[in-house]
Amino acid sequence: MMNKIEHIGIAVKDLNASNDLFEKLFGAPAYKSEEVASEGVMTSFFKNGPNKIELLAATNAESPIAKFLEKKGEGIHHIAFDVDDIVAEIERLKGEGFVVLNETPKKGADNKIVAFLHPKSTNGVLIELCQEIK
């Protein structure tokens, strides 16, 4: 089952400019920046109280974020949910009729393994499942 919203992902064109903007917004710098080379993305994470925001910028023109930005522009890219057992949650959601984009979890940012649900099965919202790597 899903425990809580883990973070909200926002696609941005210019990570440095967006880092400056969110630092002003929250009054604190990003607590972490990390490249996820397999996804062609550079990320920055901000905390606001118990909530986290992930900024995502493409590192190459073929990355999913580059394609998202080209099609939709900057904005909310996904909502991520924390789960205890990502494999069991993938199976549960497939059984409920959701379309899973990657049935085998992969390494994501911020010490997580992740899997995504296709927006066509979630009212147009890309959903990310996150499990902490222990």
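These legends walk through a few close-up views of a predicted model.

**View 1. The whole sheet, strand by strand.** Eight strands line up here as one open sheet, in the order 2-3-4-1-5-8-7-6, and the pairing is mixed. At the edges you'll find strand 2 (32–36) and strand 6 (106–107), each of which pairs on one side only. In general, strands of a sheet pair through backbone hydrogen bonds, either parallel or antiparallel.

**View 2. Strand 1 and its two neighbours.** Strand 1 covers residues 2–11, and eight bridges tie it to strand 5 (residues 75–83), with the two running antiparallel. To find your way along that pairing, look for Gly-9, whose bridge partner in strand 5 is His-78. Strand 1 also pairs with strand 4 (residues 51–58), this time in the parallel sense and over four bridges. Here Ala-11 is a handy marker: its bridge partner in strand 4 is Leu-56.

**View 3. Strands 2 and 3, with helix 1 on the sheet.** Five bridges hold strand 2 and strand 3 (residues 41–48) together in the antiparallel sense. One pair to pick out is Glu-35 with its bridge partner Met-42 in strand 3. Helix 1 (residues 15–26) packs on the sheet, where it touches strand 1, strand 3 and strand 4. The direction of helix 1 makes about 5 degrees with that of strand 3.

**View 4. The largest nonpolar core.** Ten residues make up this core: Phe-81, Val-83, Ile-86, Ile-90, Leu-93, Val-100, Ala-115, Leu-117, Ile-127 and Leu-129. At least two residues apiece come from strand 5, helix 3 (86–95), strand 7 (112–117) and strand 8 (126–132). Helix 3 gives the most, with three residues. Zoom in on Val-100 and you'll see it touching Ile-90, Lys-94, Phe-116 and Leu-117, leaving aside residues up to four places away in sequence. There is also a second, separate core of nine residues, among them Ala-11, Phe-45, Ile-65 and Leu-69.

**View 5. Helix 3 from end to end.** Which residues of helix 3 are buried? They are Ile-86, Glu-89, Ile-90 and Leu-93. These residues sit on the same side of helix 3 because they cover an arc of only 105 degrees around the axis. The buried residues of helix 3 pack against strand 1, strand 5, strand 7 and strand 8. At the start of the helix, Asp-85 has a side-chain oxygen that reaches to within 3.3 Å of the backbone nitrogen of Val-87. After helix 3 comes Gly-97, with a positive phi near 100 degrees.

How values were computed: Residues numbered from 1 in each chain as written. Predicted model: local features only at pLDDT ≥ 70, side-chain atom pairs only at ≥ 80, totals over all residues. Heavy atoms only, no water. Pairing = 2+ DSSP bridges. Contact = heavy atoms within 4.5 Å. Axes fitted to C-alpha atoms, helices over the stretch in contact; angles between N-to-C directions. Core = buried A, V, L, I, M, F, W, Y, C linked by side-chain atoms within 4.5 Å. Buried < 20%, exposed > 50% of the residue type's maximum accessible area, 1.4 Å probe, protein only. Arc of directions from axis to C-beta. Polar contact = N/O pair within 3.5 Å; in protein donor to acceptor, adjacent residues only side chain to side chain.
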